[in-house]
Structure formats: structure tokens, C-alpha cells
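Here are some exercises to work through with the model open beside you. Try each task before you read its solution.

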Amino acid sequence: LGANAILSVSLAFAKAEACAKELPLYRYFSDLLGAEHPTYLPVPQMNILNGGAHADNSVDFQEFMIVPVGASTFSQGIQVGSEIFHCLRNRLKVFGLSTGVGDEGGFAPQLKSNEEAIEHLLAAVNETGYDCDETVGIALDAASSEFFEDGRYQLAAENRVMTSAEMCTFLAEWTERYPIISLEDGMAEL
């Protein structure tokens, strides 16, 4: 089975199980985590910094998101995200960077690199008093098909060209260095 078929079969199974247990689907998934993982579902992923095709700036990656994994409720997660969003706005202003937003609602400043985007994001998390190891994770949507040309990844922000193997290494290093808990479209569609 292909990925789309596996996803649809998995979701159909999960919905059937949730119905059999008379639970909403999100509660069924949350219960699967067990008591050792006191979290809630759904956990919001908040897009707060944009690049790529959704922004008119120098950042290659499309979305830099925060995920309030340590919040105990959905509303607390939204509060955490809102505080970080506003802190990031103030931080960008202090650095003389634009607080205009991209097509998907995240700030879209001109930055020197993709890494600078992550560093501003993490600094905003820390400045609000949250912990990147306990409370907030980072999610990225690289949308790498947008900067994949002639069989190579062209990171214009960093004046860097990478093979597929080099891109894999690059992303692996980022997940070791930063609290990235979700990575979407890290490699191009072929």
C-alpha cells in the first residue's frame, strides 16, 4: 500500500476503535499515549515565522512553528503560543526587522539564514519564560520541493547547494541541535 492508502486505512481503523469505545477521536489518540504521557490532543502547531513561497523574504524554509507540548490544556497551549508570538514580534522590532506577515500569518522578516529564523524563535520562547525541553517544541515545514532545482537543494539564504545526502545530514544535525519535534517536507517530492 502507498502512503495515502496506509493513512486512510489507519484513520478508518482509529475512528472505528474510537466509536467502539464511545470516545471522540482526539480522546482515543490521547488515551493511546497512556498515563506516563500526561498530554492532551489536539496539540496546536502555531506558525509564527514564514519564509519560502509564502513570504517575500530571504528565508528558504516555509514555516517555523511552535508546539506547546507541555501545556496541560488546549487553551493553555493557545496562551503559550500567543505569548511567544507577541514576544517574537517585539524581538524582531528591537532588531530592526520587519513584523509584516507572510501568506500564512507568521512574521516574514529578511534574515541572513534559515538558522537565524530558528534562533529568533528559540530566543522568544526563552524570553517568555518557557522551556524548549519541557514546554515548547519546534515544528518545521521546509517545503523543500520549492527550493529543489536540477537535482539539488538550493538554499539561497545561505548561498548553499546540497545533494540529497547532504540535505539529510543538514536536517539530522538540526534535529540534534534544536528541539525540533516535527519536520514536514524535509525532502523534495520526486
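A nonpolar core is a set of buried Ala, Val, Leu, Ile, Met, Phe, Trp, Tyr and Cys residues joined through side-chain atoms within 4.5 Å; buried means under 20% relative accessible area, exposed over 50%, and partly exposed in between, with a 1.4 Å probe and protein chains only. The model is predicted: local features need pLDDT of at least 70, side-chain atom pairs count only at pLDDT 80 or more, and totals for chains, interfaces and linings use all residues. Residues are numbered from 1 along each chain as its sequence is written, and side-chain values use heavy atoms, with hydrogens and water left out. Helices (H or I, at least four residues) and strands (E, at least two) are DSSP runs, numbered from the N terminus.

**Exercise 1. The core**

Find which residues have the most contacts inside the largest nonpolar core, and which elements feed it.

Step 1: This core holds 39 residues, and F61, F64, I66, I84 and W174 have the most contacts inside it.
Step 2: Two or more residues come from each of β1 (46–50), β2 (63–67), α3 (74–94), α4 (114–127), β3 (137–141), β5 and α5. The top contributor is α4, with 6 residues.
Step 3: Now select F64. Beyond residues up to four places away in sequence, F64 has contacts (heavy atoms within 4.5 Å) with residues including M46, I48, L121, L140 and W174.

**Exercise 2. The sheet**

Work out the order of the strands in the open sheet and which strands stand at its edges.

Step 1: Strands pair if DSSP finds at least two bridges between them. The order is β4-β5-β6, with antiparallel pairing.
Step 2: β4 (148–149) and β6 (160–162) each have a single partner strand, so one side of each lacks a neighbour in the sheet.
Step 3: Look at β4 and β5 (residues 152–155), which are joined by 2 bridges. Here E149 is opposite R152.
Step 4: Add helix α5 (residues 164–177), which lies across β4, β5 and β6 and runs at about 110 degrees to β6. Axes are lines fitted to C-alpha atoms, for helices over the stretch in contact, and angles run from 0 to 180 degrees between N-to-C directions.

**Exercise 3. Two positive phi values**

Decide whether A143 is buried or exposed, then do likewise for D150.

Step 1: Most residues other than glycine have a negative phi. A143, although not a glycine, has a positive phi of about 50 degrees, and the phi of D150 is near 55 degrees.
Step 2: A143 sits in the loop between β3 and β4, while D150 is in the loop between β4 and β5.
Step 3: A143 counts as buried at 10% relative accessibility. D150 is exposed, with a relative accessible area of 78%.

**Exercise 4. A helix pair**

Describe how α1 and α2 cross, and what kinds of residue meet there.

Step 1: The axes of α1 (residues 3–20) and α2 (residues 25–33) come within 9 Å and cross at roughly 95 degrees.
Step 2: Angles under 35 degrees count as roughly parallel, over 145 as roughly antiparallel, 65 to 115 as roughly perpendicular and the rest as oblique. That makes α1 roughly perpendicular to α2.
Step 3: L11, F13, A14, K15, E17 and A18 of α1 meet L25, Y28 and F29 of α2. This contact has 7 nonpolar residues, no polar ones and 2 charged. Ala, Val, Leu, Ile, Met, Phe, Trp, Tyr, Cys and Pro count as nonpolar, Asp, Glu, Lys and Arg as charged, and the others, Gly among them, as polar.
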